[in-house]
Amino acid sequence: MAARIFKLVILGAPASGKGTISQRIVKVFHLKHISSGDKLRQHIQNKTAVGLEAQKYINEGKLVPDEVMIKFIKCELQKVEDESWLLDGFPRTLSQAIALWELEKLDLAINLLVPYQAIIDRVKGRWVHLASGRVYNDGFNPPKVHGVDDVTGEPLIQRDDDKPEVVLKRLEQYEKMTGPVATFYREKGILKEFCGDETNVIWPKVLEWLCTRIPLHITTQEPS
Ligand code: G5P
Ligand code: MG
């Protein structure tokens with residue numbers, strides 16, 4: 001019998017720890033991690049048409065228009081058709097949530113609720129490895145060598161949209177747009193919310209909850 005496919009999303013404010021928690025989830029459950037922001041940054045670096053379009057919005061802390069994002073994510077999901085996946089950063093608006101639901105019925109939605117002050121403090125120290133999306137933080141999870149990715153030895157970068165004034169705009173956008181998305185999944189009966197200041201406090205609760213929902217046999221496979 002074919003293994004069951006699981007489709008998950010993770011929601012949360014900018015820098016609430018979606019990427020960090022996603023990395024832990026995919027390590028345990030061997031899902032494909034699709035981060036809309038990581039994918040867009042790779043397109044920006046490669047100067048593709050989508051990247052050039054998205055850059056204008058990202059650098060100002062604005063959301064990329066729904067029609068661009070929906071088309072973009074549909075394309076990314078086609079690449080993982082027969083696999084279980086975790087979508088991070090999409091959907092962010094009700095239109096995106098509805099479009100995704102029409103395309104794929106999700107199994108679970110995780111929402112991270114982290115106080116804004118904790119977020120503002122942590123983004124200053126964020127470093128990312130662009131190609132993989134691996135994320136570090138000066139205080140919380142520093143790389144072994146400052147400015148260098150642990151796995152590839154390649155340089156880490158600081159995101160342009162992590163400048164304090166842009167972070168505030170991103171939080172404002174989040175506040176305006178994301179409430180209805182959580183409500184949408186709550187009404188579908190698949191939402192679970194996790195609150196806390198620290199990822200290391202939130203993560204064990206996420207893990208415990210996921211273990212009750214995703215059968216352990218898929219956690220024993222090695223990633224392909
Ligand atoms: P992104 O890239 O999706 P955001 O704003 O949703 O951007 P972001 O910034 O990637 O989310 P995150 O993934 O939630 O944050 O958080 P993270 O990277 O794991 O953690 C943040 C930092 O805190 C890291 O340095 C981490 O190491 C550290 N950290 C984690 N936990 C702790 C802790 O407990 N303590 C401490 N001290 N540190 C910790 O999207 C970027 C842009 O792309 C566009 C938008 O313009 C968006 O602004 N975009 C979209 N536009 C429209 N629709 C969509 N669906 C879009 N998706 C992306
Ligand atoms: Mg992220």
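Here a biologist and a modeller talk through a predicted model, its ligand and its hollow spaces.

Biologist: What makes you say that ligand 1 sits in the largest pocket?

Modeller: A molecule sits in a pocket if more than half of its atoms lie within 2 Å of the pocket's grid points. Ligand 1 is placed in the largest pocket, so it passes that test.

Biologist: How much space lies in that pocket, and which residues are the closest to its centre?

Modeller: The largest pocket holds about 870 Å³ of space. It is lined by 47 residues, and Ala-15, Lys-18, Arg-126, Arg-159 and Arg-170 come closest to the centre. Elements that give two or more residues to this lining include α1, β2 (32-35), α6 (116-123) and α7 (164-177). Helix α2 has the largest share, with five residues. Sorted by class, the lining has 15 nonpolar, 19 polar and 13 charged residues.

Biologist: And what surrounds ligand 1 itself?

Modeller: A shell of 33 residues, with Thr-20, Lys-62, Arg-92, Arg-170 and Thr-199 the closest. That shell splits into 12 nonpolar, 11 polar and 10 charged residues. Helix α2 gives the largest share here, four residues.

Biologist: Why is the pairing of Thr-20 with ligand 1 called a polar contact?

Modeller: A polar contact is a pair of N or O atoms within 3.5 Å. A polar side-chain atom of Thr-20 is 2.5 Å from an oxygen atom of ligand 1, so the pair qualifies.

Biologist: What about the backbone of Ala-15 and Ser-16?

Modeller: Both pass with the same cut-off of 3.5 Å. For Ala-15, a polar backbone atom is 2.8 Å from an oxygen atom of ligand 1. For Ser-16, a backbone N or O atom lies 3.2 Å from an oxygen atom of the ligand. As for cover, ligand 1 taken alone exposes 1,100 Å², and the protein buries 94% of that.

Biologist: Why are some other spaces called cavities?

Modeller: In a cavity a 1.4 Å probe fits but cannot get out, whereas a pocket is open. A search of the whole structure turns up two cavities of 30 Å³ or more.

Biologist: What lines the largest cavity?

Modeller: This cavity has about 40 Å³ of space. Its lining includes Ile-10, Leu-11, Gly-12, Phe-90, Pro-91 and Tyr-174. Strand β1 (residues 7-12) gives the most, three residues. The lining divides into five nonpolar, three polar and two charged residues.

Biologist: How do you know which classes of residue line the second largest cavity?

Modeller: Look at the names: Ile-70, Ile-73, Lys-74, Leu-77, Phe-90, Ala-99, Leu-100 and Leu-103. Ile, Leu, Phe and Ala count as nonpolar and Lys as charged, so the tally is seven nonpolar, no polar and one charged. The elements giving two or more residues to this lining are α4 (66-78) and α5 (94-103). Helix α4 has the largest share, four residues. The space in this cavity is about 40 Å³.

Biologist: What makes the peptide bond from Phe-90 to Pro-91 stand out?

Modeller: The bond is cis, with omega near 5°. Most peptide bonds are trans. Pro-91 lies in the loop between β3 (85-88) and α5, and both Phe-90 and Pro-91 belong to the lining of the largest cavity.

Biologist: And why pick out His-30?

Modeller: Most residues other than glycine have a negative phi. His-30 is not glycine, yet its phi is positive, near 55°. You can find His-30 in the loop between α1 and β2.

How values were computed. Residues are numbered from 1 along each chain as its sequence is written. Chains are lettered from A and ligands numbered from 1 in the order in which they are written. This is a predicted model: local features need pLDDT of at least 70, side-chain atom pairs count only at pLDDT 80 or more; totals for chains, interfaces and linings use all residues. Side-chain values use heavy atoms; hydrogens and water are left out. A residue is near a molecule or strand if one of its heavy atoms lies within 4 Å of it. A polar contact is a pair of N or O atoms within 3.5 Å; within protein, one must be able to donate a hydrogen and the other to accept it, and residues adjacent in sequence count only if both atoms are side-chain atoms. Accessible areas come from the Shrake-Rupley method with a 1.4 Å probe; for residues, only the protein chains shown count as cover. On a 1 Å grid over the protein atoms alone, a cavity is a set of points where a 1.4 Å probe fits but cannot get out, and a pocket is an open set with protein on both sides within 12 Å along at least five of seven lines; lining residues have an atom within 4 Å of a point. Grid points are joined across faces, edges and corners, and a volume is the space filled by probe spheres set on the points.
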